[in-house]
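Here's a quick briefing to read with the structure open beside you. Take it topic by topic and find each residue as you go.

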Number of protein chains: 2
Amino acid sequence: MSTARTAESSPSAARGVPRTPGGLGLVRTSQAVLFTPEAPLELERGAVLAPVEVAYETYGTLDATASNVVVVPHALTGDAHAAGHHGDPARRGWWDVLIGPGRPIDTDRWFVVASNLLGGCRGTTGPSSPDPATGRPYGLDFPALTIGDLVRVQRALLRHLGVRRIHAVVGGSLGGMQALEWVLQAPEDVDRVVVIAASARLSAQSIALSTAAREAILRDPDFQGGRYHGTGRRPDAGLAAARMIGHVTYVSEEALERKFDRARRAPGGALPASGAEWLAPDFEVEHYLHHQAATFLDRFDPLSYLYLTRVMDHFDPFRDPARLAAAAAAGAHATVVSFDSDWRFGPPHSDRIARELAAAGVGVVRRSLTSPWGHDSFLLALPDYLAVVAAALEP
Amino acid sequence: MSTARTAESSPSAARGVPRTPGGLGLVRTSQAVLFTPEAPLELERGAVLAPVEVAYETYGTLDATASNVVVVPHALTGDAHAAGHHGDPARRGWWDVLIGPGRPIDTDRWFVVASNLLGGCRGTTGPSSPDPATGRPYGLDFPALTIGDLVRVQRALLRHLGVRRIHAVVGGSLGGMQALEWVLQAPEDVDRVVVIAASARLSAQSIALSTAAREAILRDPDFQGGRYHGTGRRPDAGLAAARMIGHVTYVSEEALERKFDRARRAPGGALPASGAEWLAPDFEVEHYLHHQAATFLDRFDPLSYLYLTRVMDHFDPFRDPARLAAAAAAGAHATVVSFDSDWRFGPPHSDRIARELAAAGVGVVRRSLTSPWGHDSFLLALPDYLAVVAAALEP
């Protein structure tokens, strides 16, 4: 029987909650070639793709029965480096607050698999990878993707690692959308999913915001129709604007207010008479966005941004009742988590996911958490949130 | 004595409420040179500017005592053409629903003055006007502006037209910010102001959204440091992205949902396998944003977009208690109007304006209206709204 419950957490969202001491140490990224011209990846829309190489990391130890596996698909701008560090212990993976010894996704107990998504730019085949037909990067010749395709590649990785059964898939935002797709695509392989700050149906507003961000890239003269590689010019203007737009929507109005209010850097609050100086960054929130854009340009690719936002627009996982019924029949279980200040994929999106799953007979726990930090809450060490994830993994 | 009241309207916001039949007929835009090298405009930040030419329109007849004047400053992307038409009766001014015979700003009774703002690109001197020092467009050599400067130029226009006393200043968004500045800068000249969907203190989120939009322009390779004129290249990519970002924030999530939901144009909902086709506009909301961007590029200038958004970031009209006290002493009156679904300058912004004015002793009426259409509600023929504006003009 399904159970759909709603639990309100107590407000406790102090930023900078101390992390559990320790955490994983040095970790490394591995590579695997999962699809070859002889055995290519067949995409949901009909195209085929080969080779497909995947960057991944694992944490903890696979047990003798290969049954202690937790998969953590990443969000839009993540990568395979989810936890630990690559040499500098101060620079840690994007979900280090959740993953490690004694942490909610406890690596003393679980074998955690994180991989860079298909279409990405952090070691997995994507639109800036070389097209074997031409030797040049694919660009916009890279085929259309679905979230189903992203999951299909992760399933191939797990087969490659000798895993047959998955204890849990846990993801936030686009990662949560993949967790949901996992339980519908392969309910016989996965015992439970934790779907955090996700949506199964982007609103017109969300599509519009993503369109504005993509158009900043697509219209940038340096985009050159996607053939910017090797020209010495990349659509950094567009990618920076896209990141700034996105970032503003990932944090709550309250978070920006608390962190920056209207603080400025100009000494004594002086205002210049020169137009050029006056238009330069001055408010602290502007410096913050500039910093966000600069670090993003160093690690992300404009084409991957286009592809991975577009898969979200079209995600519509409940259109096939047979998949829902199969998930229920397999005894799948889902924990669906939202944060009240998230205005991209907030509580109504999680409500709908929980409702559809429960109506089909999938076991559902719905957790509605309080946090002032908006959509990005899923990346933060908020005690109630950490407790919810830890509890969701209990067999 | 001040009175601060809050009135909730009944929900009645049906779009396409029929306009009052008639409306103004053919109108024309006039030009006036208001400041010359001999008598330049002295800007608040210390720079001087000359010549300053202003485009304006007037509707109705100035009465014998020049005392029936209503000034309507425009919002970010407006111009001097507030009402009537320029030859095609179907293409009417931006506030035609409010201005005309028998309309809330009744041109049978009031002499209405609309002008393009300083820094604009629709006939008034702005950063793309020729710099007399070089003969080339100013670009970023155009000086920093304040909302005080915008009002100072409008006051010069009214002196030029022989007007001494103003019955009312009525504006929405940036226009409302100017109305508020009017009553603080020249309380002896203006009897009442109607401040609609405005802010006297942009939030960090609003500044961040404007920064993202401006950076799309500033970083566009075709911006060329503001010297794009005559190069055959203009930062249209950046301006289009800026418009799309802005536009999404001017409409409510509900409005986008009602108008577009997830409707698509692809026949039968087909999804292409080609990345390039898949990234092209498909959802109706995308086509809508593309249309908004295209029409905007035809009529707006990237530099004006930069300057007129930046003046809003720095607007802080209550920092000088002496100006508030002078407004109260002059017997000024303000009606402050908000729309509940406006997430740029919503009810809390109007509450603050009303509170500060009332605390200083300015007479205030606060009207909090219900509308599903977001910030752009101030441009629409919503019956409760039209009634509030009409009532606010009663002596």
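What follows is a short tour of how the chains meet and of some spots worth finding.

This is a predicted model, so keep that in mind throughout. Chains A and B meet through 63 residues of chain A and 62 residues of chain B. A rotation of 180° lays chain A over chain B, and UniProt marks a few positions in chain A as "active site" or "binding site".

**How the two chains meet**

- Start with size: the size of an interface is often given as the accessible area lost when the parts come together.
- Here, about 5,500 Å² is buried between chain A and chain B, and carbon and sulfur atoms give 64% of that.
- On the chain A side, the residues that lose the most area to chain B are Arg262(A), Trp278(A) and Leu279(A), which together make up 15% of what that side buries.
- Polar links show up too: the rule finds 30 residue pairs in polar contact across the interface, counting pairs with both residues at pLDDT 80 or more.
- Eight salt bridges are also found across the interface of chain A and chain B.
- Try finding the salt bridge between Glu257(A) and Arg201(B), where the closest N and O atoms are 3.7 Å apart.

**What chain A brings to the contact**

- Six helices are worth tracing here: H3 (204-218), H4 (236-250), H5 (253-259), H6 (275-279), H7 (284-299) and H8 (302-314) of chain A each supply at least two residues of the side that touches chain B.
- The largest share, 11 residues, comes from H3(A).
- Sort the chain A residues that touch chain B by type and you get 40 nonpolar, seven polar and 16 charged.

**How the copies are related**

- In general, two copies of a chain are related by a rotation about an axis and a shift along it.
- In this model, a rotation of 180° with 0.0 Å of shift along its axis superposes chain A on chain B, with an RMSD of 0.0 Å.
- The two copies are therefore related as by a two-fold rotation axis.
- The same surface serves both copies, since 98% of the contact residues of chain A recur in chain B.

**Positions marked in UniProt**

- An unreviewed UniProt entry puts the feature "active site" at Ser173(A), Asp342(A) and His375(A).
- These three are spread over 203 residues of sequence, yet they cluster in space, with a largest C-alpha distance of 10.6 Å.
- The "binding site" annotation, also from an unreviewed entry, covers Arg243(A) and Asp376(A).
- That pair spans 134 residues of sequence but clusters in space as well, the largest C-alpha distance being 13.8 Å.
- Look for Arg243(A) in helix H4 of chain A.

**Backbone oddities**

- As background, most residues other than glycine have a negative phi, and most peptide bonds are trans.
- Ser173(A) has a positive phi of about 60° although it isn't a glycine, and you'll find Ser173(A) in the loop between strand E10 (166-172) and helix H2 (174-185) of chain A.
- A cis peptide bond joins Ala50(A) to Pro51(A), with omega at about -5°.
- Pro51(A) sits in the loop between strand E4 (48-49) and strand E5 (52-59) of chain A.
- In chain B, Ala50(B) and Pro51(B) are joined by a cis peptide bond, with omega again about -5°.

Key. Residues are numbered from 1 along each chain as its sequence is written. Chains are lettered from A and ligands numbered from 1 in the order in which they are written. This is a predicted model: local features need pLDDT of at least 70, side-chain atom pairs count only at pLDDT 80 or more; totals for chains, interfaces and linings use all residues. Side-chain values use heavy atoms; hydrogens and water are left out. Contact means heavy atoms within 4.5 Å. Buried area is the accessible area (1.4 Å probe) that two parts lose on being put together, summed over both. A salt bridge is a side-chain nitrogen of Lys or Arg within 4 Å of a carboxyl oxygen of Asp or Glu. A polar contact is a pair of N or O atoms within 3.5 Å; within protein, one must be able to donate a hydrogen and the other to accept it, and residues adjacent in sequence count only if both atoms are side-chain atoms. Helices (H or I, at least four residues) and strands (E, at least two) are DSSP runs, numbered from the N terminus. Ala, Val, Leu, Ile, Met, Phe, Trp, Tyr, Cys and Pro count as nonpolar, Asp, Glu, Lys and Arg as charged, and the others, Gly among them, as polar. Copies are superposed by least squares on the C-alpha atoms of residues with pLDDT of at least 70 in both. UniProt positions are given in the numbering used here, feature names are shortened, and annotations may be inferred rather than shown by experiment.
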